[in-house]
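Open your viewer and keep the selection panel handy. We will go from stop to stop, with a word at each one on what to pick and what is there.

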Amino acid sequence: MSDFLVNLFWFLLFVGGAIYLAYNRVNLFTSTVAAGGALLAYTIFGSGSFLWLLFLWLMFGVLVVPNLRDFRREKITRPALGIYRTMLPSMSDTERDALEAGNVWWDGELFSGMPDWDRLMSFPAPKLSDEEQAFLDGPCEELCRMLDDWDISHERGDMSPEVWQFMKKHRFFAMIIPKRYGGLEFSAYANAMVITKLASRSTTASSTVGVPNSLGPAELLLHYGTEEQKQRYLPGLAAGDEIPCFALTSPQAGSDAAAIIDSGVVCRGEWEGEEIVGIRLNWEKRYITLAPVATVLGLAFKLYDPDHLIGDRDEYGITAALIPTSTQGVQIGRRHLPLSTPFQNGPTSGKDVFVPLDYIIGGREMAGKGWKMLVELLSVGRAITLPSTASGGGQAATYATGAYAQLRKQFNLPVARFEGVGEALTRIAGHTYIMNAAVAVTSGAIDQGEKPAVPAAILKYHCTELGRKVANDAMDVHGGKGIMMGPRNYLGRSYMAAPIAITVEGANILTRSLIIFGQGAIRCHPFVLRELYAAQDENRDQGLIEFDDALFSHVGYAISNAARAFFLALTHAKFSRVPLNTPTRRYYQNINRYSAAFALASDFAMLTLGGKLKQKELLSARLGDVLSSMYLASAVLKHFENQGRPASDLPLVEWSVRTLMYNAQEQLHSFLRNFPNRPVAFFLRCFIFPRGRTYSSPADELGQKIVELVTRSGEARERLCQQAYTTIEPGNPVGLLQEALTLSEALAPLEQKLRQARKEGLIDAEYLDHQIEQATSAEVISGDEAARLRSYHAKLRELMAVDDFPADQIGRAGAAIHGDTESATPVARSAARSKAAARKKSSPRRRKAAPGND
Ligand SMILES: Cc1cc2nc3c(=O)[nH]c(=O)nc-3n(C[C@H](O)[C@H](O)[C@H](O)COP(=O)(O)OP(=O)(O)OC[C@H]3O[C@@H](n4cnc5c(N)ncnc54)[C@H](O)[C@@H]3O)c2cc1C
């Protein structure tokens with residue numbers, strides 16, 4: 001054998017063996033024995049010089065040291081722990097509570113660099129019970145029928161009394177309340193599906209139902225309330241006799257909610273004729289959903305006990321209490337107008353409101369635990385209400401826009417056939433698929449007992465952002481039809497409302513910049529939290545042992561991730577193990593690759609930047625994007641499996657995963673490009689992108705398949721918009737567009753006959769009605785066919801039409817929206833008064849489209 005081959009053999013044995021051991025995370029002891037064996041063999045059979053062998057044995061010595069636990073603890077770990085303590089980022093109690101909220105689920109696997117797909121795949125597909133399905137098909141469908149969004153948002157500024165009554169009667173506000181208190185006790189998945197359906201019809205309705213079923217008094221009581229408090233409030237909340245709200249946000253404390261200055265001072269006071277120890281509350285809150293009509297106000301405030309009436313502390317911190325709004329001094333009733341979506345939202349204040357101590361949720365022992373309660377509950381709630389709202393909006397937009405783009409013709413072609421419009425349609429459908437998948441898979445996991453805090457933040461941020469993108473694209477495809485407000489406009493209101501979901505439950509910029517990666521890095525990382533706690537352990541010896549174990553496991557994990565990231569990038573992850581051998585196989589492999597790359601990049605970011613990473617929000621946000629892309633892509637793959645792997649959905653799955661993973665690649669690239677430590681960035685790039693950025697975004701051809709799928713009637717279109725309110729009935733344009741789409745497909749042969757007749761000169765009229773007449777006379781089509789064509793085109797004209805109004809009603813409608821004429825300007829007040837009489841008589845007029853101009 002030539003020297004070259006012999007040397008190649010030894011090289012492969014050492015380098016390949018090292019990569020193999022690291023790639024498979026073989027433990028330190030076994031790896032050391034394997035390395036020792038290989039080195040011994042090389043010493044005996046190889047041809048290395050003495051110096052070379054000496055060097056190799058010295059290197060082996062370095063590998064042996066970590067196996068000597070006592071030695072390494074004293075000589076390596078102890079000094080390392082000292083340095084680590086100086087680097088530790090400062091952490092307030094509220095930050096700690098936020099970090100510890102919820103539990104770690106699939107996000108932990110993605111953080112590991114070696115996701116165990118069996119864990120995700122073993123979760124059962126979420127399913128509605130018969131009772132939940134009956135609720136969706138019954139009361140929920142009926143409620144959608146009753147909702148008239150124009151009446152709600154423009155005429156009335158509220159839902160009608162009948163709608164309120166219907167919601168209460170059918171316990172829409174009690175989906176999370178157990179049956180023993182009179183609630184519906186629905187699963188998280190059912191809760192999400194109800195909100196999705198309502199959101200496809202009216203954002204005002206979905207917000208009104210969403211809040212009591214999300215983070216509010218009922219949820220707080222269920223988890224933390226005393227039995228007495230539960231008995232007192234839950235039956236009333238379930239029956240809708242009590243309307244809840246939860247007030248945390250103050251004028252000076254929005255995103256930094258822990259900075260509220262609203263106070264409760266423990267003191268003596270008179271309550272129902274007796275002197276008791278209670279709390280004197282002062283607050284000023286704003287933006288509170290349902291506050292104007294609430295009967296019970298959940299209130300967050302800081303509790304003080306200067307006279308030590310309940311203990312020996314001066315301050316207890318954020319505390320949550322339930323205050324009946326009938327209590328003397330509670331101010332509610334005024335309203336905000338959130339972007340013309342008039343769900344009940346407004347300020348509340350209270351001055352020297354005295355209440356008993358047992359108004360604290362959970363009683364006196366829960367004094368000061370309010371923040372912990374809130375972040376714990378947010379870790380679940382954030383995954384449901386807002387993501388489902390976005391998904392519902394997306395489904396309605398997909399269903400309507402797909403049909404509209406096929407029906408609306410310009411240049412004698414459906415606008416859907418133009419590639420630019422097709423690109424927007426593709427995004428609308430793909431983004432909706434991602435939202436559907438994320439909501440279904442995550443709510444399904446919650447029903448299995450998970451409390452996925454980081455995925456909840458991912459869903460909150462990404463679904464609401466995708467919802468906004470879908471709303472934008474849908475508006476563009478509709479052109480003027482989406483812009484002219486009126487009863488016929490089914491898009492404008494949800495387009496306007498998109499920033500609401502972006503802002504609430506943790507505004508999106510903050511969620512992306514601070515929470516997703518910030519919480520994920522510490523919470524989901526297999527070792528960081530262990531190291532952090534070990535470093536803070538007051539028992540220093542125990543802390544050293546714990547830290548030592550975590551540190552060396554961490555080093556092994558980082559080496560493994562480097563090997564995995566490099567090998568997977570080099571081979572395009574073609575050999576990585578995945579759970580299924582299906583057409584989606586490559587996507588699982590790509591997630592494996594990015595999981596390793598992400599874990600490696602995260603470790604180096606934390607190692608080199610330490611506590612400064614918290615201020616480097618752009619770097620943190622980009623890593624958060626990579627984690628989010630992997631999470632959402634996994635949800636898409638799991639959703640596809642949960643739905644029985646329908647072949648017609650494959651283009652949607654491929655587009656979604658490819659878009660997400662392309663985004664992961666680009667965000668990792670931007671992260672490395674902006675990483676302040678350039679040598680480390682170079683080193684990371686060698687491991688993460690040894691072949692450059694090789695992953696491409698979806699091909700145009702794939703987009704074309706998706707356009708076909710959403711612009712034609714079919715199972716994939718129906719499945720994608722499964723929860724949307726698509727019933728064909730007057731007043732539901734989303735359903736009527738589908739009816740027209742089906743008719744256009746059925747009548748396509750007749751339309752073809754007309755076109756042929758025009759070509760042959762048998763008909764020459766400009767307007768469609770006249771063409772039909774001529775075609776009937778020329779016996780190109782029968783009388784019956786002519787009637788069908790006329791009926792279809794009448795429907796089409798109606799669907800393409802927009803509203804217009806008497807000129808003076810536009811200004812008056814503005815005054816009506818403001819409602820409160822006292823706070824309007826004098827000019828607006830006098831204009832509103834002078835036009836009041838005319839307002840009663842006139843109503844929007846629907847402009848008839850010119851015949852045949854469709
Ligand atoms: C329609 C609606 C309903 C609401 N309902 C309720 C309710 O029922 N109960 C309740 O208590 N509250 C409610 N809120 C309040 C909501 O939670 C707050 O609006 C939200 O927390 C943001 O606060 P802010 O609006 O004061 O924005 P600010 O805190 O002033 O933030 C402004 C911008 O700065 C960004 N930002 C702030 N800090 C950081 C940071 N460290 N890093 C990066 N970016 C940052 C934010 O993301 C945001 O983009 C509601 C709000 C709205 C609009």
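**Stop 1: an arginine in a helix**

Select R73 to begin: with a relative accessible area of 17%, this arginine counts as buried. Bear in mind as you look around that the model is predicted. Colour residues 69-87 and you have helix α4, where R73 sits.

What does R73 touch, once neighbours within four places in sequence are set aside? Show R78, L544, I545 and D548, and you have its contacts.

**Stop 2: across to helix α23**

Now pick F547, which belongs to helix α23. Draw a distance between the C-alpha atoms of F547 and R73: the viewer should give 9.1 Å, although the two residues are 474 apart along the chain.

Is F547 buried or exposed? F547 is buried, because its relative accessible area is just 1% and the cut-off for buried is under 20%. To see what F547 is in contact with beyond its neighbours within four places in sequence, add T77, A80, L81, Y84, E531, A534 and A535.

Stay on α23, which spans residues 540-570, and move along to N561. The relative accessible area of N561 is 0%, so this residue is buried too. Turn on side chains here: N561 and R25 are joined by a side-chain polar contact of 2.6 Å. R25 is also one of the contacts of N561 outside the four-place window, and the others to display are S112, G113, A596, A599 and L600.

**Stop 3: helix α22 and its cover**

Select residues 528-536 for helix α22, then highlight V528, L529, E531, L532, A534 and A535, which are buried. Three of these names may look familiar, since E531, A534 and A535 are among the contacts of F547.

Which helices help to cover the buried residues of α22? Show α4, α21, α23 and α24 (585-609), which are included in that cover.

**Stop 4: the ligand**

Centre the view on the ligand and display its shell of 20 residues. The closest of them are L248, T249, S255, Y287 and E617. For the backdrop, colour β1 (244-247), β3 (274-289), α20 (492-503) and α21 (508-523), each of which supplies at least two residues of the shell. Helix α21 was also part of the cover over α22 at the previous stop.

Colour the shell by residue class and you will find twelve nonpolar, six polar and two charged residues.

Next, switch to backbone atoms and look for ligand oxygen atoms:

- At L248, a backbone N or O atom lies 2.8 Å from a ligand oxygen.
- At T289, a polar backbone atom is 3.0 Å from an oxygen of the ligand.
- At L510, the distance from a polar backbone atom to a ligand oxygen is 3.1 Å.

How much of the ligand's accessible area does the protein cover? On its own the ligand has 980 Å² of accessible area, and the protein covers 69% of that.

**Stop 5: the cysteines**

Finish by selecting the cysteines; the structure holds zero disulfides. Why is C721 without a bond to another cysteine? Its closest cysteine sulfur is the one in C144, and at 14 Å that is too far for a bond, given that a disulfide needs sulfur atoms within 2.5 Å.

C721 is itself buried, with a relative accessible area of 3%. Select C267 as your last residue: this cysteine counts as buried because its relative accessibility is 10%.

Key
Residues numbered from 1 in each chain as written. Predicted model: local features only at pLDDT ≥ 70, side-chain atom pairs only at ≥ 80, totals over all residues. Heavy atoms only, no water. Near = heavy atom within 4 Å. Polar contact = N/O pair within 3.5 Å; in protein donor to acceptor, adjacent residues only side chain to side chain. Areas by Shrake-Rupley, 256 points an atom, 1.4 Å probe, with all protein chains shown as cover. Helix = DSSP H or I, 4+ residues; strand = E, 2+ residues; numbered from the N terminus. Nonpolar A, V, L, I, M, F, W, Y, C, P; charged D, E, K, R; others polar. Buried < 20%, exposed > 50% of the residue type's maximum accessible area, 1.4 Å probe, protein only. Contact = heavy atoms within 4.5 Å.
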